[in-house]
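Visitor: I would like a quick tour of this model. Let us start with its charged pairs.

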Amino acid sequence: MISNLFTIGSRAIANAQVSINNTSNNIANAETSGYQRTDTNYSSTGNITVSGSSIGTGAEISSITANWDSFVEAQYLTAAASLSGNEAVADYLAQMEELLNESDEDGLGTQLDAFLDAWSDLSTDPDSTAEREALLGEAESLVYALNSTSSELLTMKSTIEDEIQSQVDEANEYIDTLASLNKQISADPDNTDLVSSRAQIIRELDELIGIETETNSNGQTSVYTDNGLPLVDGTTTHHLAYSSSQSNDSLMPDSDYDGEINYSGSSSEEIMIEFVSSGTDGTAQFKVSFDGGNSWAEDDNGNTILYTASDSSSPVEIDGVEIYFSGGTTDHETGDRYTIVPKTGLYWEKSSGALVNCTPLTDSNGDDTSNRVTGGSIAGLFKVRDDDLLPTLDELDALSSGLIYEVNSAHSQGAGLESHTSVTGTYTIEDQTAALSDSGLIYDKNIEDGSFEIYAYDSDGAVISNSSISIDASTDSLNDIISQINSDFSGILSASITSDGTLKIQAQGDYSFEFGSDSTGFLAAAGINTFFEGSNAADITVNSYIQENSSHINCGEVGDNGTVSAGSNSSAESISSLLNNSVNINTETSSTTQTLSSYLSSIVSKVGASAQNIDTQIACDTSAAQLYYDQQESVSGVNVEEEVVNLTKYQQQYQAACQIITVTQTMFDSILDMM
């Protein structure tokens with residue numbers, strides 16, 4: 001009996017010591033991120049029979065368990081991943097919104113209006129050198145604003161992609177760490193510190209790429225992306241990869257097509273093609289989707305656009321990407337699919353090393369597609385790059401391209417204060433023997449059938465010759481135009497192709513020349529007698545010919561008699577009217593007709609609306625994440641005041657256990673004295 005009392009007291013002391021140690025550890029880790037509060041769990045050690053009576057033998061600590069609600073944690077991970085992704089988007093949208101701020105005195109909208117207003121000012125005083133220099137100043141300011149905005153957006157794109165690479169590397173480190181922790185926990189399942197560390201690493205990984213978890217019977221946790229791809233399965237890992245552009249196919253079971261798809265160029269879009277008819281290259285047709293097959297590209301009438309599979313001699317161009325097939329000797333089958341990712345993307349690595357595309361992708365409504373990664377900051381960075389930044393850059397380029405062509409179209413048909421002795425085009429032609437509409441000029445699709453006028457003058461400025469140069473855009477080549485000019489102005493003008501592939505028209509002797517009306521758009525497409533050079537926001541600049549001599553700014557126009565009337569201002573008025581007149585503005589995937597200013601405003605408005613929408617989502621995500629975090633904290637967090645109460649309780653338990661030993665020792669001594 002007395003020995004049992006000693007055993008009970010000894011166990012009670014040991015139990016109290018362990019409980020005090022555990023409580024002290026809880027208090028010490030009250031501010032440790034991810035720490036899970038632990039409890040000591042007691043169980044009876046059973047009874048023994050003494051003198052016919054059943055008596056207890058005390059208690060022992062059966063386990064130390066961490067407090068954790070896995071159901072609440074699953075909800076928290078979902079909310080936290082969404083919050084992290086939206087915060088990544090918001091950071092860059094805020095930068096874009098500031099960059100495009102129309103209220104800024106140096107903003108693009110202000111610069112565009114000032115440039116067009118300067119043409120209006122020039123039209124009131126066509127011969128003014130001061131107004132011409134002022135116009136050049138406004139033009140340079142606009143060019144600088146477009147160039148710098150484009151540069152900032154491209155820098156932002158590089159920054160985003162560097163951040164994606166860094167976060168993918170970080171995610172892979174977490175994946176490896178989780179596999180290592182799984183192995184350690186399997187060997188030591190009662191190690192609550194390891195369990196807490198694993199839970200914290202899971203949270204860190206979740207903020208990078210939204211995940212789901214599943215705890216197995218052996219205590220190991222499996223981790224999956226939010227679209228079901230395994231990242232950690234016990235101690236087995238699957239890494240993520242940030243890879244350059246690539247393509248893959250998904251052919252029908254009965255398809256035996258033996259060729260391959262080829263592409264060049266880049267795009268913010270992911271391009272899926274699906275064959276709608278069978279046949280060989282050159283006959284089989286396919287449709288195109290930009291959202292993983294959820295919808296298919298349509299024309300203005302709502303009809304699905306169909307393309308014919310072709311070889312390298314006539315590639316199909318889709319959103320700036322040229323696509324063609326090579327090596328095929330068999331038929332495409334209806335339903336054959338190919339996916340082209342003409343940009344860097346996110347991939348999941350199979351055990352074999354093969355990569356599976358999981359790049360975040362949204363449909364035409366802006367909703368996430370179900371078979372791709374959707375949560376975490378990595379997904380957010382992809383979304384802001386592909387859905388906001390690159391489309392904004394494309395639209396800025398479309399605005400610049402429309403501005404360049406419309407100004408050049410009006411300017412190329414005008415006349416300045418001095419006639420020309422030599423003019424060199426600013427756009428390179430790829431094939432001078434090809435039809436002008438397919439010659440490789442940047443604006444070759446703008447060339448139409450018609451004619452343009454050239455007037456030649458002697459040294460006194462008198463008209464000595466004029467000619468209407470006719471063009472059939474589908475048959476005439478640049479060589480044909482050169483031949484016409486050289487034939488019609490033999491001994492007066494000489495037309496040729498420079499070593500750079502541009503058109504040059506040179507006056508001979510003391511002759512000079514001017515250009516008149518142009519119904520074809522050829523002069524603007526070739527960069528002849530134009531105001532701007534370039535074709536997008538990054539390379540737009542004022543024509544060096546004009547920069548060197550502002551007299552060549554075309555304010556007036558040549559009359560029917562070949563002379564430029566004093567005070568002529570038709571060209572300047574045509575250009576200034578762009579402030580209010582609608583023009584065609586085209587991106588790779590859309591076309592619109594509106595004023596340049598309203599199109600620019602729509603670019604800014606879309607960024608602002610996206611920023612406002614993401615702020616609303618962040619507010620909702622923050623509330624949800626905080627709710628689940630607080631619920632988990634109420635279960636697993638350390639309340640120091642409660643732990644102090646526990647510490648006092650276990651201290652009293654320890655003191656009582658010591659008293660058991662003291663009483664037992666007294667009883668034992670009394671028995672010895674009796675003997």
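Visitor: Which residue meets Arg37 in a salt bridge?

Guide: This is a predicted model. Arg37 is buried, at 14% relative accessible area. Its partner is partly exposed, at 28% relative accessibility. The side chains meet at 3.1 Å, N to O, and the partner is Asp39.

Visitor: How many residues apart in sequence are the parts tied together by Glu270 and Arg372?

Guide: The closest N and O atoms of Glu270 and Arg372 are 2.5 Å apart. Glu270 lies in the loop between β11 and β12, and Arg372 in the loop between β19 and α6, so the pair ties together parts separated in sequence by 102 residues.

Visitor: Are Glu270 and Arg372 buried or exposed?

Guide: The cut-off for buried is under 20% relative accessible area. Glu270 has 3%. Arg372 has 8%. Because each value falls under that cut-off, Glu270 counts as buried, and Arg372 is likewise buried.

Visitor: Which residues do salt bridges that share partners join into one network with Arg385 and Asp386?

Guide: Arg385 and Asp386 form a salt bridge of 2.7 Å, N to O. Both residues are buried. Shared partners join them in one network with Lys157, Glu161 and Lys343.

Visitor: Which element gives the most to the lining of the second largest pocket?

Guide: That pocket holds about 450 Å³ of space. Its lining has 19 residues, with Trp68, Ser70, Arg198, Thr215 and Thr221 nearest the centre. Elements giving two or more residues are α2, α5 and β5. The top contributor, with 5 residues, is α2.

Key
Residues numbered from 1 in each chain as written. Predicted model: local features only at pLDDT ≥ 70, side-chain atom pairs only at ≥ 80, totals over all residues. Heavy atoms only, no water. 1 Å grid on protein atoms, 1.4 Å probe; cavity = no way out; pocket = protein on both sides within 12 Å on 5 of 7 lines; lining within 4 Å. Points joined across faces, edges and corners; volume = space filled by probe spheres on them. Helix = DSSP H or I, 4+ residues; strand = E, 2+ residues; numbered from the N terminus. Salt bridge = Lys/Arg side-chain N within 4 Å of Asp/Glu carboxyl O. Buried < 20%, exposed > 50% of the residue type's maximum accessible area, 1.4 Å probe, protein only.
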